[in-house]
Amino acid sequence: MRLKYILAALLSGAAALAPASASAEWNDSIRYRAEFAVSLSDGAHNPFWLQANRYGFSSLERNNLWLRLSAFKDMDRESRFSWGAGIDMGVGHRTQSTFMPQQLYAEVRYRCLDAMIGAKEISDGFLDRDLSSGSLTQGWNAHPIPQVRIGIFDYANVWGCKEMFAIKGHVAYGMFTDDWWLKRWASKDYDYTLGTMYCSRAIYFRGGNAEKFPLEGELGLVMDSEFAGKTWFPGTNGKDGRWDKHPAYLKAWLKALIPMSGGADTGGGEQMNVEGNFLGNWSMSLKWQDPSGWMARIYYQHFFEDHSMLFFDYPWKDGLYGVQGRLPENPFVSDILYEFLYMKDQAGSVYWDHTPAINYQISGRDNYYNNYIYNGWQHWGQGIGNPLLTSPVYNSDHYVTFRSTRIISHHIGFKGNPSSAVGYRVLLSHTRSWGTYNKPFQHPENNFSWLAEVKYHPRKLRGWEASLSLAGDHGSLLGNSFGAMLSISKSGWFK
């Protein structure tokens, strides 16, 4: 009955979004979007590319549907002072929850300085959201994390550099919102953490100016932390389980921002290394963009856990290697991308923490995205980074952990607009996985996932869009699946 009431309310809202007469005056400061989608599939799960890299607004369950309504007041990036806000809500069937609050935020900007509070779909802008497999740390695969974020969100030119050098960055604190889902989904036979806090900081540099010379370079550093909360540890040998609380006082917030070793009130591993779960990535690229629109770009993202791979203590073997091109004169293939994701090394297969007897440190076996206290780099069961490292939501035993992180993957994406009313994109991904160092697969497992998506914008129905997506999975890693998703949306401006 609750679902019926929510659907009725949202459908009433959709009716209110119907276009007005042609003579109506529109205020372009308020943008709206209403979307209905249904997904039908057969096999082990809803196919990978029908649910991955959609900011968590998707479902692993087969045969799902949802209705989504949103309204946004976008900021004017050219004005000295501007503000924005957004609300984005949905309801679904055979989704993680019936009611799906996706975005709710407010933001303000003065000159180049920005501040935002709430949950917003954010991308670092380093990778192509349509074609890339996803960022290694701050991707677009999981639900947005509510946070307070301040900084320079868009590149700002540094004074005195003649617009040839720009900088951007942020500092943010927030909280994970998946406690309700964890209580319902996570198995009590394994450990999991509730009330986890979030800290993020990043800085990016850009050298060059495409308007003056075609070559541009980019270098960025992202560092994220999980801290505070309480962890459930199941009982062993007939003993009852217990909850352990983690430091959440002011000093813990400071250590989340500036990684430092934990005190006596933290676990032994945190005292030896850093308090909380600390991870991040380096991003670097070179781009050649011709004034006529031709573009070629090479890039690399290097992932690190704790301090062992932050600098050059160990060889930088692991990472996301990519090359991308844009062909403005070709409507059939306008953009094409290839990525090679190598995450098999993880600083080596040996780990040793120094002891009084043997005061030597070997920081291998990094166990990407996992942590021995926290739920790992996930939100609502979906990996916050690259989804090709299989998310915990796939675990049939409901253990909140990443079981497939030592992978090698090849990914191809391309798109085009054969006409002004039709656009398409294709994603092809092959992954070979060895599991993890702690729990390796008996034999390497493979998976091939693909997506073919076509979008149609009727010329005579302004703001309307229909999208048809076909997708499939083949292999032992995710199982075999085939499915299709149809969505219909209407966007425009409030009067």
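The lining of the largest cavity is a mixed bag: eight of its residues are nonpolar, five are polar and three are charged. That cavity holds about 220 Å³ of space. There are 16 residues around it, and those closest to the centre are I122, G139, P144, I145 and I384. Keep in mind that this is a predicted model, so what you are looking at comes out of a prediction.

Searching the whole structure turns up three cavities of 30 Å³ or more. The second largest has a volume of about 60 Å³. Its lining is made up of F48, P387, L388, T390, T431, N447, S449, L477 and L478. Sort those by class and you get five nonpolar and four polar residues, with no charged ones. The largest cavity, for its part, has three charged residues in its lining.

Now zoom out for a moment. The protein has five helices and 25 strands. Of its 495 residues, 51% count as buried. If you take the contacts with a separation of 6 or more, 62% of them link residues 24 or more positions apart.

With that many strands to choose from, let's follow one short run of them. Strand β4 covers residues 99-110 and strand β5 covers residues 113-119; the two run antiparallel, joined by seven bridges. Within this pairing, R109 sits opposite D114 of β5. The hairpin leaves two residues between the strands, and R111 there has a positive phi near 55°. What about C112? At 28% relative accessibility, C112 is partly exposed, because it falls between the 20% limit for buried and the 50% limit for exposed.

On from the hairpin, β5 also pairs with strand β6, residues 147-157. This pairing is antiparallel too, and it runs over five bridges. Look for A115 and you'll find its bridge partner in β6, namely I150.

While we're on cysteines, C199 makes a nice contrast with C112. C199 has 0% relative accessibility, so it counts as buried, whereas C112 at 28% is partly exposed. As for disulfides, a search of the whole structure finds zero.

Next, head over to D366, in the loop between β18 (362-363) and β19 (378-379). Is this aspartate buried or exposed? Its relative accessible area is 13%, and since buried means under 20%, D366 counts as buried. So what does it touch? Setting aside neighbours within four places in sequence, D366 is in contact with E305, S308, M309, Q346 and A347.

Pick A347 from that list and follow it. A347 also belongs to a loop, the one between β16 (335-342) and β17 (351-352). At 9% relative accessibility, A347 is buried as well, because it falls under the 20% limit. So the contact between D366 and A347 brings together a residue of the β18–β19 loop and a residue of the β16–β17 loop, with D366 buried at 13% and A347 buried at 9%. There is one more distance to check around here: the C-alpha atoms of A347 and D318 are 8.4 Å apart, with their positions 29 residues apart along the chain.

Conventions:
Residues are numbered from 1 along each chain as its sequence is written. This is a predicted model: local features need pLDDT of at least 70, side-chain atom pairs count only at pLDDT 80 or more; totals for chains, interfaces and linings use all residues. Side-chain values use heavy atoms; hydrogens and water are left out. On a 1 Å grid over the protein atoms alone, a cavity is a set of points where a 1.4 Å probe fits but cannot get out, and a pocket is an open set with protein on both sides within 12 Å along at least five of seven lines; lining residues have an atom within 4 Å of a point. Grid points are joined across faces, edges and corners, and a volume is the space filled by probe spheres set on the points. Ala, Val, Leu, Ile, Met, Phe, Trp, Tyr, Cys and Pro count as nonpolar, Asp, Glu, Lys and Arg as charged, and the others, Gly among them, as polar. Two strands pair if DSSP finds at least two bridges between them. Helices (H or I, at least four residues) and strands (E, at least two) are DSSP runs, numbered from the N terminus. Buried means under 20% relative accessible area, exposed over 50%, partly exposed in between (1.4 Å probe, protein chains only). Contact means heavy atoms within 4.5 Å. A disulfide is a pair of cysteine sulfur atoms within 2.5 Å.
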